[in-house]
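Good morning, colleagues. Please take a moment to look at the sequence and the structure before I walk through them.

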Amino acid sequence: MACIFCRIVSGEIPTNIIYEDEFVCAFRDISPVAPVHVVLISKDHLERIDTPGVEKIAGHVILAISKLAATLGLSEDGFRVVNNAGKYGGQMVNHLHFHLLGGRHLEWPPG
Ligand code: 5GP
Ligand code: ZN
């Protein structure tokens, strides 16, 4: 299995999973760009946010973000959720994932 996130889901790459439900799981990014940087992924290998079938997990993604933000102490000051899709979006791992970023003031617009 080549996909790095599928290997994390299967347990082949040991990773500290900080949240999971039936459809999604989350772990700290290996290369954080903010004091809090969590990667929330689909357990199934869906390539990106516009892949057919994503609608089945969309509610789980939103709920996971809400729970993670609360448990990681991001609710009061706020946070950002990022989904990179494709070449221009800067997607490096072709397995659906969302970045949850917080713990500092984040600039806008992105570069
Ligand atoms: P993308 O650029 O595709 O939106 O984001 C992929 C993210 O996954 C990057 O921020 C990268 O640091 C993170 N990442 C890639 N491989 C691993 C890994 O093996 N473990 C963890 N924890 N994060 C990873
Ligand atoms: Zn995958």
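**The zinc site**

I begin with the zinc ion (ligand 2): its protein donors are Cys3 (SG), Cys6 (SG), His45 (ND1) and His95 (ND1), at 2.0 to 2.3 Å from the ion. Donors here are N, O and S atoms within 2.8 Å of the metal (3.2 Å for Na, K and Ca), and water is not among the atoms, so sites may look incomplete.

Before going further, I should state that this is a predicted model, in which local features need pLDDT of at least 70 and side-chain atom pairs count only at pLDDT 80 or more, while totals for chains, interfaces and linings use all residues. Residues are numbered from 1 along each chain as its sequence is written, chains are lettered from A and ligands numbered from 1 in the order in which they are written, and side-chain values use heavy atoms, with hydrogens and water left out.

To return to the zinc ion (ligand 2), the angles among its 4 donor atoms run from 104 to 119 degrees, and the site is tetrahedral; for four donors, that term requires all angles to lie between 85 and 135 degrees. Along the sequence, the donor residues follow the spacing C-x2-C-x38-H-x49-H. Are Cys3 and Cys6 buried or exposed? Both are buried, where buried means under 20% relative accessible area, exposed over 50%, and partly exposed in between (1.4 Å probe, protein chains only).

**The strands**

Let me turn to strand β2, residues 24–28. Strands are DSSP runs of E with at least two residues, helices are runs of H or I with at least four, and both are numbered from the N terminus. Of the 5 residues of β2, 4 are buried, so this strand is largely enclosed by the rest of the structure.

Which strands pair with β2? Strand β1 (residues 17–20) does so in the antiparallel sense over 3 bridges, and strand β3 (residues 36–42) runs antiparallel to β2, joined to it by 5 bridges. Pairing requires that DSSP find at least two bridges between two strands. The connection from β1 to β2 is a hairpin through 3 residues. Across these two strands, Ile17 is opposite Phe27 and Tyr19 is opposite Ala26. On the β3 side, Val24 has Ser42 as its bridge partner.

**Ligand 1**

There are 15 residues around ligand 1, and Arg28, Asp29, Met92, His97 and His99 come nearest; a residue counts as near if one of its heavy atoms lies within 4 Å. A backbone N or O atom of Arg28 is 2.8 Å from a nitrogen atom of the ligand. For Ile30, a polar backbone atom lies 3.2 Å from a nitrogen atom of ligand 1, and for Gly90, a polar backbone atom lies 3.2 Å from an oxygen atom of ligand 1. Taken alone, ligand 1 exposes 520 Å², and the protein buries 83% of that, with areas computed by the Shrake-Rupley method and a 1.4 Å probe.

His99 belongs to strand β5 and is buried, its relative accessible area being 14%. Its side chain makes a polar contact of 2.8 Å with the side chain of His37. A polar contact is a pair of N or O atoms within 3.5 Å; within protein, one must be able to donate a hydrogen and the other to accept it, and residues adjacent in sequence count only if both atoms are side-chain atoms.

**Two further positions**

Lys56 is in the loop between β3 and α2 (58–71), and it counts as exposed because its relative accessibility is 63%. Finally, the peptide bond from Trp108 to Pro109 is cis, with omega near 5 degrees, and Pro109 lies in the segment after β5 (97–102).

Key:
Four donors count as tetrahedral if all angles lie between 85 and 135 degrees; four count as square planar and six as octahedral if opposite donors are over 155 degrees apart and all others between 65 and 115; anything else is irregular.
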